[in-house]
Amino acid sequence: MPAVTAMKVQARDRAGKGAARATRRTGLVPAVIYGGKADAALIAIDPRDLTTLLHTKGYRTNVVEITIGEAKKAERTMAIEVQLHPVTDRPIHADFRRIDKDSIVRVPVPVRFNNEGASPGIKKGGVLNIVRHEIDLRGKPDDIPDHIDVDLTGLDIGDSVHIKAITLPKGLKPTIARNFTICSVAPPTVHVEEEVKPAATAEGAVAADGA
């Protein structure tokens, strides 16, 4: 089951870039809730609430229950995209999608790599080469885990872990059909140092000049 985050927000009455800038001037972050059978809802979020969500592990796998103003019923959503300022990294806009128990969503799920100490290849100095830090999965919201575990036990240098070796929760499928690589153990990196030839001595240089 995914984690559930509750969030209380304000309603916005206007769309467009000008209205979004006006919302930011009040200290709030403009956002949109869309999807389902209802019209899109324009909202404004306290940036502290949005930052807290962003720092939640696997936040895009969370269910976010959004209460707009004094509404008695919360909108059940998932965060689809949070745009950040290119300089300050503060949130400047967010998109949420309405969901219900039968919705089918596509979510990037973080990968957690376990038991590096039980990998013979890593013990020999091999390097864990992570090809995918996240795996895009498709399924119902309540089936989405907050992470996928990859066990590195027994992996030697040259070994790889592919998606078909991972047991996913029932009802979930990768969005990519092929048997893609998640990680591998690469050979140790070897640094080759150039041989430095000793500089000619001052006496040798003088002798060469006099010859």
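Two residues are in contact here when heavy atoms of theirs lie within 4.5 Å of each other. With that in hand, a good place to start is S184, a residue of strand 13. Leaving out residues up to four places away in sequence, S184 touches V127, L128, N129, D159 and S160. The residue also counts as buried because its relative accessibility is 13%, and the cut-off for buried is under 20%. Everything described here comes from a predicted model.

Now for the overall picture. The protein chain contains 4 helices and 13 strands. Of its 211 residues, 34% are buried. Among contacts in the chain with a separation of 6 or more, 66% are between residues 24 or more positions apart.

Back to strand 13, which belongs to an open sheet of 3 strands, arranged in the order 8-13-11 with antiparallel pairing. Strand 8 (127–130) and strand 11 (160–162) are at the edges with a single partner strand each, so each has one side without a neighbour in the sheet. From one strand to the next, the twist averages 15°. Strand 13 covers residues 181–186 and pairs with strand 8 in the antiparallel sense, over 4 bridges. One piece of that pairing is V127, whose bridge partner in strand 13 is A186. V127 turns up again among the residues touched by S184.

The other sheet to look at is a barrel: 6 strands close up in the order 1-3-2-6-5-4, and the pairing is mixed. On average, neighbouring strands of this sheet are turned by 45° against each other, direction ignored. Going through some of the pairs gives a feel for the mix. Strand 1 and strand 4 run parallel, joined over 6 bridges, and V9 stands opposite I68 of strand 4. Strand 2 and strand 6 (residues 91–98) are also paired in the parallel sense, over 4 bridges; here Y34 has R97 of strand 6 as its bridge partner. Strand 4 and strand 5, by contrast, pair in the antiparallel sense over 3 bridges, with I66 opposite E75 of strand 5. The hairpin of strand 4 and strand 5 has 6 residues between the strands, and G69 in this hairpin takes a positive phi near 60°.

Two helices lie against these strands. Helix 1 (residues 17–25) lies across strand 2, strand 3 (41–45) and strand 6, and runs at about 125° to strand 2. Helix 2 (residues 47–54) lies across strand 1 (4–11), strand 2, strand 3, strand 4 (63–68), strand 5 (75–84) and strand 6, at about 70° to strand 6.

I33 offers a view from within strand 2, which spans residues 29–34. The relative accessible area of I33 is 0%, so this residue is buried. Apart from its neighbours within four places in sequence, I33 is in contact with D39, A40, A41, I43, I66, I68, E75, T77, F96 and R98. The pair I66 and E75, which stand opposite each other in strand 4 and strand 5, is part of that list. T77 is 44 residues from I33 in sequence, yet the two C-alpha atoms are 7.8 Å apart in space.

What about the nonpolar interior? The largest nonpolar core has 26 residues, and those with the most contacts inside it are F113, I135, V150, L152, I166 and I182. Strand 7 (105–114), strand 9 (134–139), strand 10 (148–151) and strand 13 each supply at least two of its residues. The largest share, 5 residues, comes from strand 7. Another core lies apart from this one; it has 18 residues, including A31, L53, I68 and A94.

I135 gives a closer look at the contacts of one residue of the largest core. Neighbours within four places in sequence aside, I135 is in contact with V107, P108, V109, V111, I148, I163, F180 and I182. F180 has a further partner: the charged end of R132 sits over the ring of F180, 4.4 Å from the centre of that ring. As for pairs of aromatic rings, the count comes to 0, with a pair requiring ring centres within 6.5 Å.

Definitions and conventions:
Residues are numbered from 1 along each chain as its sequence is written. This is a predicted model: local features need pLDDT of at least 70, side-chain atom pairs count only at pLDDT 80 or more; totals for chains, interfaces and linings use all residues. Side-chain values use heavy atoms; hydrogens and water are left out. Two strands pair if DSSP finds at least two bridges between them. Axes are lines fitted to C-alpha atoms, for helices over the stretch in contact, and angles run from 0 to 180 degrees between N-to-C directions. Buried means under 20% relative accessible area, exposed over 50%, partly exposed in between (1.4 Å probe, protein chains only). Rings of Phe, Tyr and Trp (its six-membered ring) pair if their centres lie within 6.5 Å; planes under 30 degrees apart count as stacked, over 60 as edge-to-face and the rest as tilted. A charge sits over a ring if NZ of Lys or CZ of Arg is within 6 Å of the ring centre and within 35 degrees of the ring normal. A nonpolar core is a set of buried Ala, Val, Leu, Ile, Met, Phe, Trp, Tyr and Cys residues joined through side-chain atoms within 4.5 Å.
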